[in-house]
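I opened a new page for this protein. These are my notes on what I looked up, in the order I looked.

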Amino acid sequence: MKRILSFFMCLLFVFMLGGCGNDAPASDVVGEWKGTIDYTDIALAAMSLSGDADVYFKDAVLCADTVFSFNADGSYKKAVDKAEFLAASESFMAEVKKGLGLMVADIVKAQGRELSSVEESFIIEYFGEIPTAKEFAFAMTSVISVEGKYKTEGGKLYMADDGAIDERVYQTYKIEGDTLTITASSDAMLNETGMFPMTFKKQ
């Protein structure tokens with residue numbers, strides 16, 4: 001659990017990133033934007049369950065409606081519905097535990113042993129304590145739901161929830177009609193998660 005929470009604190013920095021793309025004046029982003037974000041890859045990576053282990057978690061999906069609110073005074077807020085996210089987390093964590101069970105069974109089989117069933121104690125033995133869906137959802141929503149300040153300059157959108165905006169980090173975006181598309185991040189690791197593009201509709 002501590003490892004996961006530690007990752008989420010790093011994730012908080014990632015979600016502070018803004019964007020760059022087609023030139024769009026600040027007035028174009030002002031307003032409330034809502035879209036569904038796929039948090040699956042980030043969540044699996046948080047638990048060190050990505051990469052070659054993906055085959056065990058193909059049915060684990062974590063998506064949630066996310067709302068960005070950009071105000072004319074340069075402040076912003078990012079939020080998810082906690083009840084909705086908890087429900088999604090319950091399904092996600094159930095599939096994660098199934099996947100971990102399959103991994104344990106394969107590990108034991110590779111050692112020349114057989115298990116009639118995989119108890120949770122075996123999973124803990126190999127992977128450590130697994131957070132409950134409630135603990136997982138709380139950790140995730142705590143770092144996803146943030147507020148702070150933003151600015152747009154030269155087609156780049158910068159966001160920071162604490163302190164000065166860091167112009168080294170941003171996200172690329174474009175606006176077409178009532179659709180905001182965040183296409184990529186200045187963080188290469190985040191670009192590999194499969195989160196992009198993220199599409200939001202103006203509310």
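Entry 1, confidence. I am working from a predicted model. I read a mean pLDDT of 83 for the protein, with 85% of its residues at 70 or more. I then looked for a weak stretch and found that pLDDT stays under 50 over residues 16–26. The model still gives residues 16–26 a count of 47 contacts beyond four places in sequence.

Entry 2, overall make-up. I counted seven helices and nine strands in the secondary structure. The protein has 203 residues, and 41% of them are buried. I noted an exposed surface of about 10400 Å², of which carbon and sulfur atoms supply 52%. I also checked how far along the sequence the contacts reach. Of the contacts between residues at least 6 apart in sequence, 66% join residues at least 24 apart.

Entry 3, the core. Which residues have the most contacts inside the largest nonpolar core? I listed Tyr-39, Phe-57, Leu-62, Phe-70, Phe-85, Phe-92 and Val-96, in a core of 46 residues. Helix 4 (residues 82–110) gives the largest share of this core, with nine residues. I added a general remark: in soluble globular proteins, nonpolar side chains tend to be buried together.

Entry 4, helix 6. I tested the length of helix 6, which runs over residues 133–144. Its twelve residues should span 16 Å at 1.5 Å a residue, and the end C-alpha atoms are 16 Å apart, so the expected and modelled spans agree. I then wrote down the buried residues of helix 6: Ala-133, Phe-136, Ala-137, Ala-139, Met-140, Thr-141, Val-143 and Ile-144.

Entry 5, Thr-179. Is Thr-179 buried or exposed? I found a relative accessibility of 14%; the cut-off for buried is under 20%, so Thr-179 counts as buried. Thr-179 belongs to strand 8 (residues 179–185). Its side chain makes a polar contact of 3.4 Å with the side chain of Asp-178. Leaving out residues up to four places away in sequence, I found Thr-179 touching Trp-33, Lys-174, Thr-199, Phe-200 and Lys-201.

Entry 6, backbone details. I looked at two loops. In the loop between helix 7 (188–191) and strand 9 (198–202) I found Pro-197. The peptide bond joining Phe-196 and Pro-197 is cis, with omega about 0°. The other loop lies between helix 3 (40–46) and strand 3 (63–70), and holds Ser-48. I noted a positive phi of about 55° for Ser-48, although this residue is not a glycine.

Conventions: Residues are numbered from 1 along each chain as its sequence is written. This is a predicted model: local features need pLDDT of at least 70, side-chain atom pairs count only at pLDDT 80 or more; totals for chains, interfaces and linings use all residues. Side-chain values use heavy atoms; hydrogens and water are left out. A nonpolar core is a set of buried Ala, Val, Leu, Ile, Met, Phe, Trp, Tyr and Cys residues joined through side-chain atoms within 4.5 Å. Buried means under 20% relative accessible area, exposed over 50%, partly exposed in between (1.4 Å probe, protein chains only). The expected span of a helix is 1.5 Å times one less than its number of residues. pLDDT is the predictor's confidence in each residue, from 0 to 100. Contact means heavy atoms within 4.5 Å. Accessible areas come from the Shrake-Rupley method with a 1.4 Å probe; for residues, only the protein chains shown count as cover. A polar contact is a pair of N or O atoms within 3.5 Å; within protein, one must be able to donate a hydrogen and the other to accept it, and residues adjacent in sequence count only if both atoms are side-chain atoms.
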